[in-house]
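Let's take a walk through this structure together, one region at a time. Keep the viewer open and follow along as we go.

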Amino acid sequence: MSLMRILAIETSCDDTSVALVEASGHRRVQAKTGLIGKPRFKVIYNIVSSQIKIHRPFGGVVPNLAKREHAKNLPKIFGRIMNKELRIKNTKTKIHNSKFIIPAIDAIAVTVGPGLEPALWAGIEFAKDLAKKLKKPLIGANHMEGHLYSNWLSARSKKYEARSKKIEFPAAALVVSGGHTILLNMTSLTKWKKLGETRDDAAGEAFDKVARLLGLPYPGGPEIEKIAKKGDPKAIKFPRPMLRDKNYDFSFSGLKTSVLYYLRDSKNSHSSNRFRFNVAASFQQAVVDVLIGKTIRAAREFGAKSVLLCGGVSVNKFLQKTLRQKSEEAGAKFFCPSFEYNTDNAAMIAAAAYIRHQQKKKLRLSAQSNLNL
Ligand code: KG4
Ligand code: ZN
């Protein structure tokens, strides 16, 4: 067993996050399978500073504004973590640096993609500078691998809860965020086949666009979920794009257009709350039906023992509840990270960086906005 203390940085979109995570697991890499044993992660700090209020008036994230805010927030959050660490009595070995005293850190990790290029650079530049000052290795991490491995993070209150022990393979993993909708068949922690992904809009993007059509603020996902609770999901028959297709790809842009036409054709009813609640509930039901239909079909086809849900959209309680129920009906255990690890955060970046580091699979330390799984 090897233990690594990783300080991770995440700035791919509109959340600035810094985390300190203790990672452990077997160091040995099995050449054939690429397995590295069962990793364990203890999240010591995971601080997130959201920029939603700054971007909200623009109806979406403005890349250069995000970069400026990240550059402003990073030293503050890093400073907060260092102060917290120093206040803890009997901390582990302290390293003396010419400028400041810092607790032991073995490596620094940073998201290199996918994401908004200027935003990614803010994190990379800060991380490079820090790694140089502290004379520590810098590990590049893939944001989507972060979402995937957030399923292996345990709640901060429970010391080393061996959550990963319960995740068995094969596993069907649905990664749903603002920019991606990906379905994987994982045969091990590090081996997977991408079964399908979105051909146009991601699920989160569809939530955001439909929210805007309904006059709801950015980000739209939580707003739609909130008002959908008061509506009837069967009120409007929106299409379930590609649900019946044999492949595992998704498409949400046509569904968004259906909502647009529906709103245009029922102009006079717009002002009624009931009308908006029903549109939100029926739209959410359509998205969830497609996501779940495909995931469960994959779980059955590949004999999944586990179903994993992750990414910003998986905060949605209706999606979580329905997928849990359908997974259990299909004989698979259901996993979904807690709220703080589902939305963008640096703890998941530490996890992804650790697994890459153990596999000795390095990523280039420059912004790669189109990186994928
Ligand atoms: O993973 P994430 O925080 O950032 C990206 O990597 O993209 O995902 C953000 C996306 C946004 O599109 C947001 O509207 C959506 O996740 N989202 C939700 C909910 N909360 C956030 N979608 C549906 N229901 C929610 N409760
Ligand atoms: Zn994300």
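Helices and strands here are DSSP runs, numbered from the N terminus, with at least four residues for a helix and at least two for a strand. The model you are looking at is a predicted one. With that naming in hand, start at serine 12, which sits in the loop between strand S1 (2-10) and strand S2 (15-25). Serine 12 counts as buried, because its relative accessibility is 3% and the cut-off for buried is under 20%. Its side chain makes two polar contacts worth finding: one with the side chain of glutamate 10, at 2.6 Å, and one with the side chain of histidine 143, at 3.3 Å. Setting aside neighbours within four places in sequence, serine 12 also touches a group of residues that includes Thr111, Leu116, Ala119, His143 and Asp344.

Two of those names lead straight to the metal. The zinc ion (ligand 2) has as its protein donors His143 through NE2, His147 through NE2 and Asp344 through OD, lying 2.0 to 2.1 Å from the ion. Along the chain these donors follow the spacing H-x3-H-x196-D. Why are the two histidines about one helical turn apart? Histidine 143 and histidine 147 both belong to helix H4 (residues 143-149) and are 4 residues apart there, so about one turn separates them. An α-helix has 3.6 residues a turn, so residues three or four places apart point the same way. Both histidine 143 and histidine 147 are buried.

Now turn to ligand 1, which is surrounded by 18 residues. The closest of them are His147, Gly178, Asp208, Glu225 and Gly312. Histidine 147 has a side-chain N or O atom 3.0 Å from an oxygen atom of ligand 1, and this histidine is also one of the zinc donors. Aspartate 344, another zinc donor, places a polar side-chain atom 3.1 Å from an oxygen atom of ligand 1. Asparagine 316 has a side-chain N or O atom 3.0 Å from a nitrogen atom of the ligand. Taken alone, ligand 1 exposes 560 Å², and the protein buries 88% of that.

From there, move to helix H6 (residues 203-213). Which of its residues are buried? They are Ala203, Gly204, Ala206, Phe207, Val210 and Ala211. These residues lie on the same side of H6, because they cover an arc of only 160° around the axis. Among the elements that cover them are strand S8 (171-176), strand S9 (181-186), helix H7 (220-228), helix H8 (253-265) and helix H9 (273-301). Just after H6, glycine 215 takes a positive phi of about 75°. A little further on, in the loop between H6 and H7, you will find proline 219, and the peptide bond joining tyrosine 218 to proline 219 is cis, with omega about -10°.

There is a cis bond elsewhere too. The peptide bond from phenylalanine 169 to proline 170 is cis, with omega near 0°, and proline 170 sits in the loop between helix H5 (163-166) and S8.

While you are looking at the backbone, two other residues deserve a stop. Lysine 135 has a positive phi of about 55° although it is not a glycine, and it lies in the loop between helix H3 (117-134) and strand S7 (138-142). Methionine 242 likewise has a positive phi, of about 65°, without being a glycine; its place is the loop between H7 and H8. Are these two buried or exposed? Lysine 135 is exposed, with a relative accessible area of 73%, whereas methionine 242 is buried, at 13%.

One more side chain is worth a look in H9, where glutamine 285 lies. Glutamine 285 is buried, with a relative accessible area of 17%. Not counting residues up to four places away in sequence, its contacts are Pro233, Arg240 and Phe318.

Finally, zoom out to the whole protein. It has 12 helices and 12 strands, and buried residues make up 56% of its 373 residues. Of the contacts with a separation of 6 or more, 75% are between residues 24 or more positions apart. The accessible surface comes to about 16,800 Å², of which 53% belongs to carbon and sulfur atoms.

Note on methods:
Residues are numbered from 1 along each chain as its sequence is written. Chains are lettered from A and ligands numbered from 1 in the order in which they are written. This is a predicted model: local features need pLDDT of at least 70, side-chain atom pairs count only at pLDDT 80 or more; totals for chains, interfaces and linings use all residues. Side-chain values use heavy atoms; hydrogens and water are left out. Buried means under 20% relative accessible area, exposed over 50%, partly exposed in between (1.4 Å probe, protein chains only). The arc is that of the directions from the helix axis to the C-beta atoms. Contact means heavy atoms within 4.5 Å. Donors are N, O and S atoms within 2.8 Å of the metal (3.2 Å for Na, K and Ca); water is not among the atoms, so sites may look incomplete. A residue is near a molecule or strand if one of its heavy atoms lies within 4 Å of it. A polar contact is a pair of N or O atoms within 3.5 Å; within protein, one must be able to donate a hydrogen and the other to accept it, and residues adjacent in sequence count only if both atoms are side-chain atoms. Accessible areas come from the Shrake-Rupley method with a 1.4 Å probe; for residues, only the protein chains shown count as cover.
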